[in-house]
Amino acid sequence: MKIHNYSAGPCILPQSVMQKAAEAVINYNNTGLSILEMSHRSKEFVDVMDRSVALVKELLSVPEGYEVLFLQGGASSQFYMSALNFLHKNGKAAYINTGTWSAKAIKEAKLLGEIEEIASSKDKKFNYIPKDYVVPNDVNYLHYTTNNTIFGTQFKHVPETDVRLICDMSSDIMSQEVDISKYDLIYAGAQKNLGPAGATLIIVKCDALGKSGRTIPSILDYQLHVAKESMYNTPPCFSIFTCMLTMEWLKELGGVKEIEKRNKAKASLLYTEIDRNSLFEGTAAVEDRSIMNPTFVLKNDALNADFLSKSIEVGINGIKGHRSVGGFRASMYNALEIESVQVLVDLMKEFERVNE
Ligand SMILES: *Cc1c(COP(=O)(O)O)cnc(C)c1O
């Protein structure tokens, strides 16, 4: 039976990518070596790194003056690292709190200085994106999270500000077009749209670095990683290699513009059914709905277990909502095909017919 993988992360990757990755684990490009056992200083792997960086720049139209890094530590390491590099000694930073991940970023940054939470949607269980806020102009930067993986909300506009802008794009990177020139730092864990867990993508504006007035430990210093081209220490080689394969797949398919079209079609198909079906309702404010992680509930939660077991019967994997929200979450990352969304929609229709 075909499995429709709605896992929130690590998550679905293109079949062709996994096939190529599997082959490279056995014998990389007829070198007789596995990608797992090659030196990161070898010509073969340096080529992988160079190609990965070039693909990020191409797919996201990264302008001059930015550097692309692949580091370890996940997006969670960036909560602290970003503040350490951007929050000046005795400085101040502004954060928008839209849920679990931004709250964690705030917690780490508070270890380093004064943090102003300028807006929060905590009052309504993070089911919307705050819109009325003012970014103070005496802060070193504004930090926000584009897509709220757990609560199913997503910024539809880049916040207007003159201060530096830092963004956690872990769960919607390369799912839609973005104007990189508005940002000073973007970070994303690989395991949602890019590849397997292990690598962290960073896009940083070079002129923003070296201004914090702090002594930064080597492993947490963007400037050092830029100088060493992500090879200060051993990079997560296999994860980066598989990210490269995913980006090649994305390029082949027509790039970010094309995947955005497909992602919007998938989201529209599911949200239309959530709104039409008398048994279900969406949990996020309509105008702020995520195209990556739609969240929804059964109005009668006594039906939850039945719906979940029926979903497993048709090959749907991973739609149980995050433990902090309940209900359901259908994570629809780039590699999920619209046919899989149709299977879920058909199931919802059938479930309504049986239970109404
Ligand atoms: C998954 C996720 C994270 C955590 O990423 P790790 O790589 O596990 O540290 C952070 N932010 C967002 C928005 C996420 O979706």
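**Exercise 1. Backbone oddities**

In which loop is Asn 30 found? Work out its backbone angle and exposure, then do the same for Ser 230.

*Solution.* This is a predicted model, in which local features need pLDDT of at least 70, side-chain atom pairs count only at pLDDT 80 or more, and totals for chains, interfaces and linings use all residues. Residues are numbered from 1 along each chain as its sequence is written, and side-chain values use heavy atoms, with hydrogens and water left out.

Step 1. Asn 30 is found in the loop between H1 and helix H2 (43-59). Helices (H or I, at least four residues) and strands (E, at least two) are DSSP runs, numbered from the N terminus.

Step 2. Phi of Asn 30 is near 55 degrees, a positive value in a residue other than glycine.

Step 3. Asn 30 is exposed, at a relative accessible area of 72%. Buried means under 20% relative accessible area, exposed over 50%, and partly exposed in between (1.4 Å probe, protein chains only).

Step 4. Ser 230 lies between helix H5 (222-227) and helix H6 (237-253), in a loop. Its phi is near 65 degrees, again positive in a residue other than glycine.

Step 5. Ser 230 has 2% relative accessibility, so it counts as buried.

Step 6. Most residues other than glycine have a negative phi, and most peptide bonds are trans.

Step 7. The peptide bond from Gly 9 to Pro 10 is cis, with omega near -10 degrees. Pro 10 sits in the loop between E1 and helix H1 (15-26).

**Exercise 2. The ligand site**

Describe the shell around the ligand and the polar contacts to the ligand.

*Solution.*

Step 1. Count the shell. The ligand is surrounded by 13 residues; the closest are Ser 76, Thr 149, Asp 168, Gln 191 and Lys 192. A residue is near a molecule or strand if one of its heavy atoms lies within 4 Å of it.

Step 2. Find the main contributor. Helix H3 (residues 74-86) gives the largest share of the shell, four residues.

Step 3. Sort by class. The shell has eight polar, three nonpolar and two charged residues. Ala, Val, Leu, Ile, Met, Phe, Trp, Tyr, Cys and Pro count as nonpolar, Asp, Glu, Lys and Arg as charged, and the others, Gly among them, as polar.

Step 4. List distances. A ligand nitrogen atom is 2.6 Å from an N or O atom in the side chain of Asp 168. A ligand oxygen atom is 3.0 Å from an N or O atom in the side chain of Gln 191. A ligand oxygen atom is also 3.1 Å from a polar backbone atom of Ala 75.

Step 5. Check burial. Taken alone, the ligand exposes 390 Å², and the protein buries 86% of that. Accessible areas come from the Shrake-Rupley method with a 1.4 Å probe; for residues, only the protein chains shown count as cover.

**Exercise 3. Enclosed strands**

How many residues of strand E3 are buried, and with which strand does E3 pair? Then treat strand E2 likewise.

*Solution.*

Step 1. In strand E3 (residues 92-97), six of the six residues are buried, so the strand is largely enclosed by the rest of the structure.

Step 2. Lys 92, Ala 94 and Ile 96 point one way from E3, while Ala 93, Tyr 95 and Asn 97 point the other way; all are buried.

Step 3. E3 pairs with strand E4 (residues 114-120) in the parallel sense over six bridges. Two strands pair if DSSP finds at least two bridges between them. Ala 93 has Ile 115 as its bridge partner in E4.

Step 4. Strand E2 (residues 66-71) has five of its six residues buried, so the rest of the structure largely encloses it.

Step 5. E2 and strand E10 (residues 200-205) pair in the antiparallel sense, over six bridges. Val 204 in E10 is the bridge partner of Glu 67.

**Exercise 4. A three-stranded sheet**

In what order do the three strands of the open sheet with E12 stand, and which strands are at the edges?

*Solution.*

Step 1. The order is E11-E12-E14, with antiparallel pairing.

Step 2. Strand E11 (280-282) and strand E14 (328-329) stand at the edges; each has a single partner strand, so one side of each is left without a neighbour in the sheet.

Step 3. Strand E12 (residues 295-298) pairs with E14 over two bridges. Phe 296 stands opposite Phe 328 in E14.

Note on methods. A polar contact is a pair of N or O atoms within 3.5 Å; within protein, one must be able to donate a hydrogen and the other to accept it, and residues adjacent in sequence count only if both atoms are side-chain atoms.
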